[in-house]
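Visitor: I have a model open and would like to talk through its fold. Can we start in the middle of the sheet and work outwards?

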Amino acid sequence: MKKTAIIGAGPIGSILAAHLAQNKQPVILVDVLKPHLDIIKEKGIVISGVSQINVKIPDICYEISQLKNLEIDYLFICVKATVLQNIMTEVKKVISGQTNVISFQNGIDTEELVSQYVGAARTLRVVINYAGNLIANGQVKMSFFNKPNYIGAIFPATGKIAQEIAGMMTQAGLDTEFTPEIKKYAWEKTILNAALSPVTALTGQTMKQAMDFPETRRLVVSLLEEGVAVAKAIPDGTGTGGYDYGADFMNHCLNYLDKAGHHKTSMHIDVEAGRKTEIDFLNKKIVEYGQKMGLPTPYHETIVRLIKGIENRFIK
C-alpha cells in the first residue's frame with residue numbers, strides 16, 4: 001500500500017482519514033490540535049451523519065516536521081486555503097522525490113500555489129463534494145456528500161497517479177472520479193461556494209435557512225449568475241474559450257444547494273470563531289477574473305467588502 005499522510009484534521013481531513021483507515025489504508029494524521037488528535041489516537045475518529053464510522057488512527061503527528069524521512073507517497077493537504085501558503089514551506093522540507101501532494105482546498109488556483117513549492121509534476125487537485133462539522137474532539141458529523149468528488153493533475157503525465165488516488169478514495173467509500181478538466185470542476189464548486197457560504201456567514205443562517213428565505217435566495221441567484229458569466233468568459237487553457245456548463249446549470253446549482261440541509265458552512269463557523277475566512281479564494285477570485293475579462297461583478301464585490309469588514313473586527 002502507498003504511504004499516505006493527511007495534513008489537517010478538521011472535518012474534511014478527518015472524514016477522509018476515517019474512510020481510508022476503515023478500508024485498511026494506513027494513514028498518518030497531522031495537525032496542531034493536540035486534544036483532538038489525542039482522542040483520535042486513543043478512541044478513534046467517530047463519523048456520524050451520512051457515514052457511520054468509528055476507527056482508530058494510531059499514527060499521529062503534531063507537527064509537519066515529524067513527516068521527514070517517512071517517504072510519503074500521497075500527501076493530502078486538508079487545511080483551509082487561508083493557511084495553505086503558511087504551511088507549504090514546511091511541506092517542502094518533508095517531502096521526498098516520490099511524494100505526490102494533493103490540494104483539498106476550496107476555491108480557485110490553490111493547486112497553483114501548491115505547485116510553486118513542490119512542482120507541477122507532483123501536484124494534484126481534488127474538488128470535494130462532501131462536508132461536515134467538528135462537534136467534539138474526535139467527533140465529526142458528515143452533513144452531506146453529493147457524489148462524486150473529482151481529482152485531476154495540472155501536469156498531464158501525473159494523470160495516472162490521479163486515477164490511482166481516485167480508485168483508493170472510491171474503494172474507501174468517498175466516490176471520486178478522475179477528470180482531465182479539474183479546473184472546470186474547481187470553478188463549478190467555487191461558483192456554488194461563493195454564492196451561499198458568505199451569505200450564511202453574513203446572516204447567521206444555515207444553508208437551508210438561507211435557501212428557503214426568499215430574500216437571501218434571490219441574492220444567491222444573483223451571485224450564481226455573476227460567477228457563471230465570469231467562468232464562461234475566462235480562458236480554459238485550451239484557447240477555445242471559457243467554461244460553459246450548459247443551459248440547465250442554474251437549475252443544477254440551485255438543486256445542489258437546496259440539498260445541503262441545516263449545514264453550517266465553514267465560512268459561517270470562521271466568522272463566529274473570529275478567524276480569517278477563505279473569501280480571497282472564493283468571491284475575490286471571481287472579482288479578479290471578472291476584472292481581467294472586463295466583466296462587472298457588483299454582487300461579489302459587495303460580498304467581499306462585507307466579509308472583509310467583519311474580518312477587520314478581529315484580524316489586525
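**Strand β8 and its surroundings**

Guide: This is a predicted model. Both faces of β8 are covered: T123, R125 and V127 are buried on one side, and L124 and V126 are buried on the other.

Visitor: How many of the residues of β8 are buried, then?

Guide: Five of the five, over residues 123–127, so the strand is largely enclosed by the rest of the structure.

Visitor: Which strands pair with β8, and in what sense?

Guide: β7, residues 100–103, pairs with β8 in the parallel sense over three bridges. β11, residues 149–153, pairs with β8 in the antiparallel sense over four bridges.

Visitor: What stands opposite L124 in those two strands?

Guide: In β7 it is I102. In β11 the bridge partner of L124 is A153.

Visitor: And what is the strand order in the sheet?

Guide: The order is β5-β2-β1-β6-β7-β8-β11-β12, eight strands in an open sheet with mixed pairing. The edge strands, each pairing on one side only, are β5 (60–61) and β12 (176–178).

Visitor: Which helices lie on β8?

Guide: α4 lies across β7 and β8 and runs at about 160 degrees to β8. α6 also packs on the sheet, where it touches β8 and β11, and its direction makes about 40 degrees with that of β8.

Visitor: What does α4 connect?

Guide: Helix α4, residues 110–118, belongs to a right-handed β-α-β unit with β7 and β8. A right-handed β-α-β unit is also made by β6, helix α3 (residues 84–94) and β7.

Visitor: Let's move to β6. Which way do its side chains point?

Guide: β6 covers residues 74–77; Y74 and F76 point one way, L75 and I77 the other way, and all are buried.

Visitor: How is β6 joined to β1 and β7?

Guide: β1, residues 4–7, runs parallel to β6 and is joined to it by four bridges. T4 has Y74 as its bridge partner in β6. Four bridges also join β6 to β7, again parallel, and there the bridge partner of L75 is V101.

Visitor: New topic: the hydrophobic interior. Which residues touch the most other members of the largest nonpolar core?

Guide: They are I6, L16, L29, F76, F104 and Y130, in a core of 40 residues. Helix α1, residues 11–22, supplies the largest share of this core, seven residues.

Visitor: What is F104 in contact with, sequence neighbours aside?

Guide: Beyond its neighbours within four places in sequence, F104 contacts I12, L16, F76, I77, C78, V126, I128, Y130 and M169.

Visitor: Which residues are in the other core?

Guide: That core lies apart from the one just described and has 39 residues, among them I234, L254, L282 and I310.

Visitor: Last one, α8. What span does that helix have?

Guide: α8, residues 214–233, has 20 residues and reaches 29 Å from its first C-alpha to its last, close to the 28 Å expected at 1.5 Å a residue.

Visitor: Which of its residues are buried, and what covers them?

Guide: T216, V220, S222, L223, L224, E226, G227, V230 and A231 are buried in α8. The cover includes α6 (182–203), α7 (207–212), α9 (249–258), α11 (283–292) and α12 (298–311).

Definitions and conventions: Residues numbered from 1 in each chain as written. Predicted model: local features only at pLDDT ≥ 70, side-chain atom pairs only at ≥ 80, totals over all residues. Heavy atoms only, no water. Buried < 20%, exposed > 50% of the residue type's maximum accessible area, 1.4 Å probe, protein only. Pairing = 2+ DSSP bridges. Right-handed = clockwise from strand over helix to strand, strands pointing away. Expected span 1.5 Å × (residues − 1). Contact = heavy atoms within 4.5 Å. Core = buried A, V, L, I, M, F, W, Y, C linked by side-chain atoms within 4.5 Å. Axes fitted to C-alpha atoms, helices over the stretch in contact; angles between N-to-C directions.
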